[in-house]
Amino acid sequence: MTASFTSRRISPRASAYALLLIALIAAPWVGLYPVLGTKILCYALFACAFHLLLGYTGLASLGHAAFLGVGGYLAGYGVKAWALPPELALLAGLAAGALLGLVIGFISIRRSGIYFTMITLALAQMVYFLCVQIPQTGGEDGLQGIDRGLLFGVLDLRDDTAMYYTVLVIAVACFLFIARVVYSPFGQALQAIKDNEPRAISLGYHPPHYKLIVFILSAALTGLAGALKAISLGFVTLSDVHWMTSGHALLMTLVGGMGILSGPVVGALALVVLENKMGELGTLIAGATGIAWFTTLGESVMMVMGIVFVICVLAFRRGIMGEVVALQQRRRGTPASSSTTSASREPQP
Amino acid sequence: MTDAVLETRGLSKTFLGFTAVDGVDLSVQRGHIHALIGPNGAGKTTLFNLLTRFLEPSAGEIRFDGTAVTALPPRQVARRGMVRSFQISAVFAGLSVLDNVRVALQRKLGLSLHFWRSVRVLDQINEQALAILDQVGLAELANEAAGALPYGRKRALELATTLAMDPVLMLLDEPTQGMGYEDVDRVTSLIKKISAGRTVLMVEHNMKVVASIADTLSVLQRGRLLATGSYQEVSANEEVIRAYLGGGRRGGTAA
Ligand SMILES: Nc1ncnc2c1ncn2[C@@H]1O[C@H](COP(=O)(O)OP(=O)(O)OP(=O)(O)O)[C@@H](O)[C@H]1O
Ligand SMILES: [Mg+2]
């Protein structure tokens, strides 16, 4: 929450957001393939939801694939089996995420650190095996050909551009909601608990309540992201519930920058684009270097992601947005005692 | 019968066979500044942890403000007005100075779970928070990041945050530890000032501080309470001289 003091008054941040929003609105008109745009937005929402938990409580969940997958499966199944309209399918995904979040959160929230991570992972794996077993998920095939349908009975989402803008509106709304949560009285208490839990208790707070609420919010938004992804891309597969998808959310957050609202958005953008363009990139490098092996880069997404992760951890720990913020502060010469002090999260020596 | 705000009976804590607090019968008078002294490892912090229920006692009872609190969770003890500080500095580094105090105040407004409301609803307690900050001389630094404050100021901010709970009894664990002379003097007079209308139980190593502000003094050694009384009484106590003061040199300056 480095932004907590600055965001209220600093305009560069606001103008950067405005610019980003304009870019997102204009994107389909300047050559962005709307389906890729939709995918980026779905993952951005996923990463933001994940980051709501990690960034503001310090709890690293490896169970978020369960919320994404179950949200997606329920939405997809609802459309296919019960002919739900898209708006209800999305709501179903949201509700599924929230409910599963309540259960998994209730069990895991009293642990911290690696124990929390392991419990979320274990519970999510149980969800994974359940998804493998039950017929409603389509097993290895997953759910395919999910019809997008008419939003509120009027807007035809089969049009890729209409779909893109629908996802954009929802993603922006969710982003604003997350910003509100972070800058709410609840967000203040959450920050206090994250900074010093015993101290917060000594002030009468009951941390598990706060952590459970934020866990459920994070899971609900993740379920919604899963449903959006299912409806806009038209399929849900087991890879959505696989734990590697949780790792993906973590990676997007770390690459984008932790503790910064826009971090996961940037991280999602970077990684989804990288993943999608890897094949082209590989061909390009192969052509330039003459090493044929690079043409196989498109198939080794995992390996490249691993390398990105290593680079991120070793070279720029603050992530992309973290570096940007640090650069800005350095350029401004870090005012020692102005009323807009930021850098507050840096531990003093 | 005297008016004790806090009383313990046979309070004990054993860690894997090691008794850190051993049958302590402590009584803290309402309105007093009560100092708790003792060598390193005597069990002072452990005793604080027991009183505020951060640790489960192995045996014994705690009565605070007329009721038994032995079975309450720590947050409930805090809400009833026994509020502690910590031996190591404990500010919320990611919040501003003002927000550190507001976080202590906002719970009572019943807004703390309201994740859908803007943080601006807390502006209604700004005045109150600033008044408290003013008491500890931090009002001008209200918008600073708490994590960036110098050490002495952090401790003052902790006092402000504790004060914001409007406690009946404040438990301060070495509030002057690690400070230079100036800060020690400042914080000492601060404690004296904010203790008006409250009770303070404080762990303190600095005998000058103890001599200047404590009404009552208790000596803890190896988990046992050796003596309780005024500074003069305690520093004249044979057992204390033998066990803690090691010959009476350090306590002998009182007069
Ligand atoms: N959680 C714990 N587990 C095991 N032993 C503990 C624990 N907490 C404290 N102790 C032991 O209990 C004894 C008392 O420790 P405590 O921290 O209460 O001392 P203290 O009087 O506060 O000392 P100091 O002046 O150094 O702060 C020490 O020997 C310590 O090692
Ligand atoms: Mg101690």
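Let me start with A83(A), in the loop of chain A between α4 (64–82) and α5 (86–108). This is a predicted model, by the way. The phi of A83(A) is near 55°, a positive value, and the residue is not a glycine. How is A83(A) placed, buried or exposed? A83(A) is exposed, with a relative accessible area of 61%.

Chain B has a residue to set beside that one. D65(B) is not a glycine either, and its phi is positive, at about 55°. You will find D65(B) in the loop between β5 (59–64) and β6 (67–68) of chain B. D65(B) counts as partly exposed, at 35% relative accessibility. The cut-off for exposed is over 50% and for buried under 20%, so D65(B), with its 35%, falls in between.

Next, a strand of chain B. Look at β9, residues 199–203. Five of its five residues are buried, so the strand is largely enclosed by the rest of the structure. The cover is on both faces of β9(B). One side carries T199(B), L201(B) and V203(B), the other V200(B) and M202(B), and all of these are buried.

Which strands pair with β9(B)? One of them is β4 of chain B, residues 33–37, which runs parallel to β9(B) and is joined to it by four bridges. If you want a point to fix on in that pairing, A35(B) stands opposite M202(B). Another is β8 of chain B, residues 169–173, which pairs with β9(B) over five bridges, again in the parallel sense. There, L169(B) is opposite T199(B). So M202(B), on one face of β9(B), and T199(B), on the other, are both buried.

Now the ligands, beginning with ligand 1. There are 14 residues around it, and those that come nearest are G41(B), K44(B), T45(B), T46(B) and Q87(B). Sorted by character, the shell has five nonpolar residues, seven polar and two charged.

Some individual contacts are worth pointing at. In the side chain of K44(B), an N or O atom is 2.8 Å from an oxygen atom of ligand 1. For the side chain of Q87(B), the distance from an N or O atom to an oxygen atom of the ligand is 2.8 Å. With A42(B) the contact is through the backbone: an N or O atom there lies 3.2 Å from an oxygen atom of ligand 1. On its own, ligand 1 has 640 Å² of accessible area, and the protein covers 62% of that.

Which elements give two or more residues to the shell around ligand 1? They are β2 (18–24) and α1 (44–51), both of chain B. Helix α1(B) gives the most, with three residues.

That brings me to ligand 2, a magnesium ion. Its protein donors are T45(B), through OG1, and Q87(B), through OE1, at 1.9 to 2.2 Å from the ion. These two come from distant parts of the chain, 42 residues apart. T45(B) is in helix α1 of chain B, while Q87(B) sits in the loop between β7 (82–84) and α3 (97–109).

How accessible are the two donors? T45(B) is partly exposed, with a relative accessible area of 25%. Q87(B) is partly exposed as well, at 26%. Both T45(B) and Q87(B) are also among the residues that come nearest to ligand 1.

Methods: Residues are numbered from 1 along each chain as its sequence is written. Chains are lettered from A and ligands numbered from 1 in the order in which they are written. This is a predicted model: local features need pLDDT of at least 70, side-chain atom pairs count only at pLDDT 80 or more; totals for chains, interfaces and linings use all residues. Side-chain values use heavy atoms; hydrogens and water are left out. A residue is near a molecule or strand if one of its heavy atoms lies within 4 Å of it. A polar contact is a pair of N or O atoms within 3.5 Å; within protein, one must be able to donate a hydrogen and the other to accept it, and residues adjacent in sequence count only if both atoms are side-chain atoms. Accessible areas come from the Shrake-Rupley method with a 1.4 Å probe; for residues, only the protein chains shown count as cover. Ala, Val, Leu, Ile, Met, Phe, Trp, Tyr, Cys and Pro count as nonpolar, Asp, Glu, Lys and Arg as charged, and the others, Gly among them, as polar. Donors are N, O and S atoms within 2.8 Å of the metal (3.2 Å for Na, K and Ca); water is not among the atoms, so sites may look incomplete. Buried means under 20% relative accessible area, exposed over 50%, partly exposed in between (1.4 Å probe, protein chains only). Two strands pair if DSSP finds at least two bridges between them.
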